[in-house]
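Here's a walk through the two ligand sites of this protein, with a few backbone details at the end. Have the structure open as you read.

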Amino acid sequence: MHFDHNTNSGIFITFEGGDGSGKSTQVKLLYKYLLENNYPVIMTREPGGTQISEQLRTILLQGNVNKMNAITEALIFLAARSDNWEKLIKPALDSNKIVICDRFQDSTIVYQGICNNININLLNNICNTITNNMLPNRTYLINIDPVIGLKRSMRQDNVDIRFEHKSTEYHKRIQEAYLRIANNNDRYLIIDGNLSIEEINNIIIKDVWKIMGKAISKVTN
Ligand code: ADP
Ligand code: TYD
């Protein structure tokens, strides 16, 4: 299977949404589905993915909520992205694989840019420098009331909860920011996070078929 893309490479799919919206559940289900159907696919997450980025993840997501300032934090998120991009995502796309990533650039724009007031142009410039301006082919935004999401997130054996101690208003702002970005932009599919795990998985699989169909017809035409 070979996919075309704006740079002649694989297909890049990201998942976004508030904490506990169901992203990692859906990332794993989609990964399993594609693997079982013999598609070349990898899954990764941000912050994380590579050894260095996973170490940075621990620094970012564990410990006291006020342990570093917003700019320090933003630079570590970006450093983690850079390593994940260079060592994992870019090589996989270059060898025509499907890459599924749990959070990506939109998380930085929403959390660091819109919520922590760090200059969005600056964040975009650094992100675009890391990725050479490459954006995901598709982004699934799982939309859920943050109160429900946080309840779900706290339920599991979760140690990466530094940000989950922030206020409900903070998480509401995240949800609104995501919706503002995703509305009227073809790259996103907004999915109702209140649906069952299986219903969401089915919506995503149907949509991924469409995306793959487009990629294949670009190659054959
Ligand atoms: P995220 O990666 O967005 O933080 P997770 O996929 O880890 O979210 O899900 C958080 C919790 O909610 C998990 O216990 C998961 O089993 C549960 N969950 C995920 N999706 C749904 C859903 N659609 N309905 C009910 N519970 C869900
Ligand atoms: P994670 O446990 O992966 O997310 P979730 O709680 O949804 O399962 O935690 C990642 C946290 O890091 C989440 O609160 C969002 C935040 N984050 C940023 O602030 N900026 C970023 O660029 C990324 C990738 C994540």
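A polar contact here means a pair of N or O atoms within 3.5 Å. Keep in mind, too, that this is a predicted model.

With that cut-off in hand, take ligand 2. One of its oxygen atoms is 2.8 Å from an N or O atom in the side chain of aspartate 19. Lysine 23 brings a polar side-chain atom to 2.6 Å from an oxygen atom of ligand 2, and for the side chain of threonine 108 the distance from an N or O atom to a ligand oxygen is 2.7 Å. How much of ligand 2 does the protein cover? On its own, ligand 2 has 550 Å² of accessible area, and 94% of that is covered by the protein.

Ligand 2 sits in the largest pocket. Helix 2 (51-61), helix 3 (70-94) and helix 4 (105-115) are the elements that each give two or more residues to its shell. Helix 4 has the largest share, with 4 residues. In total, 17 residues surround ligand 2, and the closest are Asp19, Lys23, Arg103, Thr108 and Gln112. Sorted by character, the shell around ligand 2 splits into 5 nonpolar, 5 polar and 7 charged residues.

Now for ligand 1. Where does this one sit? Ligand 1 is in the largest pocket. There are 15 residues around it, and Gly20, Lys23, Ser24, Thr25 and Leu195 come nearest. Lysine 23 turns up again here, with a polar side-chain atom 2.7 Å from an oxygen atom of ligand 1. Serine 24 has a polar side-chain atom 2.5 Å from a ligand 1 oxygen, and threonine 25 also places one 2.5 Å from an oxygen atom of ligand 1. Taken alone, ligand 1 exposes 560 Å², of which the protein buries 79%.

Which helices build the shell around ligand 1? Helix 1 (23-36), helix 6 (146-155) and helix 8 (197-220) each supply at least two residues. Helix 1 gives the most, with 3 residues. As for character, the ligand 1 shell divides into 3 nonpolar, 9 polar and 3 charged residues.

Here are the side-chain contacts to both ligands, gathered in one place.

| Residue | Ligand | Distance to a ligand oxygen |
|---|---|---|
| Lysine 23 | Ligand 1 | 2.7 Å |
| Serine 24 | Ligand 1 | 2.5 Å |
| Threonine 25 | Ligand 1 | 2.5 Å |
| Aspartate 19 | Ligand 2 | 2.8 Å |
| Lysine 23 | Ligand 2 | 2.6 Å |
| Threonine 108 | Ligand 2 | 2.7 Å |

Back to helix 1, this time for its salt bridge. Glutamate 36 pairs with lysine 32, and their closest N and O atoms are 3.7 Å apart. Both residues lie in helix 1, 4 residues apart, or about one turn of the helix. How many salt bridges does a search of the whole structure find? The search turns up 8.

Two spots in the loops are worth a look as well. Asparagine 38 lies in the loop between helix 1 and strand 2. Its phi is near 65 degrees, a positive value in a residue other than glycine. Further along, proline 47 is found in the loop between strand 2 (41-45) and helix 2. The peptide bond leading from glutamate 46 into proline 47 is cis, with omega near -10 degrees.

How values were computed: Residues numbered from 1 in each chain as written. Chains lettered and ligands numbered in written order. Predicted model: local features only at pLDDT ≥ 70, side-chain atom pairs only at ≥ 80, totals over all residues. Heavy atoms only, no water. Near = heavy atom within 4 Å. Polar contact = N/O pair within 3.5 Å; in protein donor to acceptor, adjacent residues only side chain to side chain. Areas by Shrake-Rupley, 256 points an atom, 1.4 Å probe, with all protein chains shown as cover. 1 Å grid on protein atoms, 1.4 Å probe; cavity = no way out; pocket = protein on both sides within 12 Å on 5 of 7 lines; lining within 4 Å. Sits in = over half its atoms within 2 Å of the grid points. Nonpolar A, V, L, I, M, F, W, Y, C, P; charged D, E, K, R; others polar. Salt bridge = Lys/Arg side-chain N within 4 Å of Asp/Glu carboxyl O.
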